[in-house]
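Q: Please take a close look at one open space in this protein, describing what lines it. Then follow the elements that form it outward into their surroundings, in one connected account.

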Amino acid sequence: VAAAGAAMKITIGEPWTISNSVTGEGEHIYPDLWKLQDGTLLLDYHLDHDMCPARRACLRSVDNGKTWTPDPPRVVREEAVVQLRDGTVLAYNGHAFPVTPGSKQSKGSMFRSDDGGKTFEGPIDVTVNMPRANREPIPPPDPKYEHYIAMVFWRSILELPDGNLLAFMYGWWEGDTKYRAVAAISRDRGLTFDYLSTIGYDPNPDLGEYYEGFDEGILSWTAAGDILCVARVGSFHSLRQTRSSDHGKTWSEPIILDPDLDPAAQSVLEDPADVGIASVNPDMLLMSNGVLACSFGRPGNSIMFDPTGTGDNWEKSIVVYWGGLTGYTCMLEIAPGKLLFVCDALGIDDASGDKANCLRGVEITVERE
């Protein structure tokens, strides 16, 4: 499939199955992708449904995603991986839990690699300090969702020019009625993260049954040199966007990327032509050709591009794969102008004749015109 934009030609290849729940253990849902400096790709996914603790499995590819081999599990629920400029790799458990009920301090864990991601050691304790204590959401969650009371590392950890680390996190603080997204900074190479700023918080009770507040988000450098954040606020709601020009100390007022989107209509959508900029787990990166790419899902699995690389000029989104399951997507640039896009899908025919959950890969080529 090829699509032409104002300054780009987008070519979407045929999807293929990376792994599935017939030939492999577990659910094969909620994928995440990471790329190391030597080109190695790491792919994580859930073996369990969204519960606490949900086990994650790891795969590794050294040929740009054509083939994958099992990787030893690291933390229980790996949700954020970063490679520093000196080659050190840090892999974080997604959840840091309060040390005691009502504490402003939470404890998590990570694994560290000093050989560029070939081997990891851990677990290593991680400390998260917030200005207010965590609290459980109201109404209280089902026990399988104990992780709701954690501060959550989610995907993004950026190494700043001064060597400090900036992480996207979210959680519930005392007094909050919806999720709050925050920026946290580490000045000790990822062992301790301290609150830096609030990225987004809106308790608006009028936004409907699907509205959750600011949670899953992604940070990316832009062509202008600032940091852009795109975040989920609830299933079937439009994604929100905000930016920082001072390395995360302050953030612009969040904007609604698709202000005309109707969450109720999106929740029962049958025609992919009507998909909006919704709604979960965005991924985003600045490509080597200066194009900014952002993927997201539910309903379907979509991607959009900004040829200016700023996040101010998003072109109409493209549905990459409609089959879908969770709507969780991830992507990486595997060659100049070429993305590997991964999502989960339901009901794929396996050679055995069984229906399977699977992880689907798609190559997307982005050419500037």
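A: The lining of the second largest pocket comprises 16 nonpolar, four polar and eleven charged residues. The model is a predicted one, and the description below should be read accordingly. The volume of this second pocket is about 540 Å³. It is lined by 31 residues, and Asp50, Tyr148, Tyr179, Glu212 and Asp215 are the ones closest to its centre. Two elements, β4 and β13, each give two or more residues to this lining. Of these, β4 provides the largest share, namely three residues.

Strand β4 may be followed first. It pairs with β5 in the antiparallel sense through five bridges, and within this pairing Asp32 stands opposite Asp44 of β5. Five residues separate the two strands of the β4-β5 hairpin, where Gly39 adopts a positive phi near 95 degrees.

Strand β5, which spans residues 41-46, is largely enclosed by the rest of the structure, because six of its six residues are buried. As a general matter, side chains in a regular strand alternate between the two faces of the sheet. In β5 both faces are covered: Leu41, Leu43 and Tyr45 are buried on one side, while Leu42, Asp44 and His46 are buried on the other. Asp44, the residue opposite Asp32 of β4, thus belongs to the side shared with Leu42 and His46. On from β5, six bridges connect this strand to β6 (residues 56-61) in an antiparallel arrangement. There His46 of β5 faces Arg56 of β6.

Both β4 and β13 also take part in the largest nonpolar core. This core contains 25 residues, and those with the most contacts inside it are Phe168, Ile199, Leu219, Ile227, Cys229 and Trp251. At least two residues of the core come from each of β4 (29-35), β13 (151-159), β14 (165-171), β15 (180-186) and β18 (227-231).

Phe168 offers a link between this core and the pocket. Apart from neighbours within four places in sequence, Phe168 contacts Val152, Phe153, Trp154, Ser156, Ala181, Val182, Ile199, Asp215, Glu216, Gly217, Leu219 and Cys229. Among these partners is Asp215, one of the residues closest to the centre of the second largest pocket. Ile199, Leu219 and Cys229 are also among the contacts of Phe168, and they are listed with it among the core residues that have the most contacts there.

Ile199 leads to a further set of strands. It falls within β16 (residues 192-201), which is joined to β12 by three bridges in a parallel arrangement. One bridge pairs Thr127 with Thr192 of β16. On another side of the pairing scheme, β12 (residues 121-129) runs antiparallel to β11 (residues 105-113), with seven bridges between them; here Arg112 is placed opposite Glu121 of β12.

Finally, β4 and β13 line the largest pocket as well. Its volume is about 900 Å³. The lining consists of 27 residues, and Lys35, Val81, Ile157, Leu158 and Leu332 lie nearest the centre. β4, β8 (78-83), β13, β17 (217-221), β21 (280-286) and β25 (329-335) each contribute at least two lining residues, and β13 gives the most, with five. By class, this lining holds 16 nonpolar, four polar and seven charged residues. The lining of the second largest pocket likewise has 16 nonpolar and four polar residues, but eleven charged ones.

Definitions and conventions: Residues numbered from 1 in each chain as written. Predicted model: local features only at pLDDT ≥ 70, side-chain atom pairs only at ≥ 80, totals over all residues. Heavy atoms only, no water. Core = buried A, V, L, I, M, F, W, Y, C linked by side-chain atoms within 4.5 Å. Buried < 20%, exposed > 50% of the residue type's maximum accessible area, 1.4 Å probe, protein only. Helix = DSSP H or I, 4+ residues; strand = E, 2+ residues; numbered from the N terminus. Contact = heavy atoms within 4.5 Å. Pairing = 2+ DSSP bridges. 1 Å grid on protein atoms, 1.4 Å probe; cavity = no way out; pocket = protein on both sides within 12 Å on 5 of 7 lines; lining within 4 Å. Points joined across faces, edges and corners; volume = space filled by probe spheres on them. Nonpolar A, V, L, I, M, F, W, Y, C, P; charged D, E, K, R; others polar.
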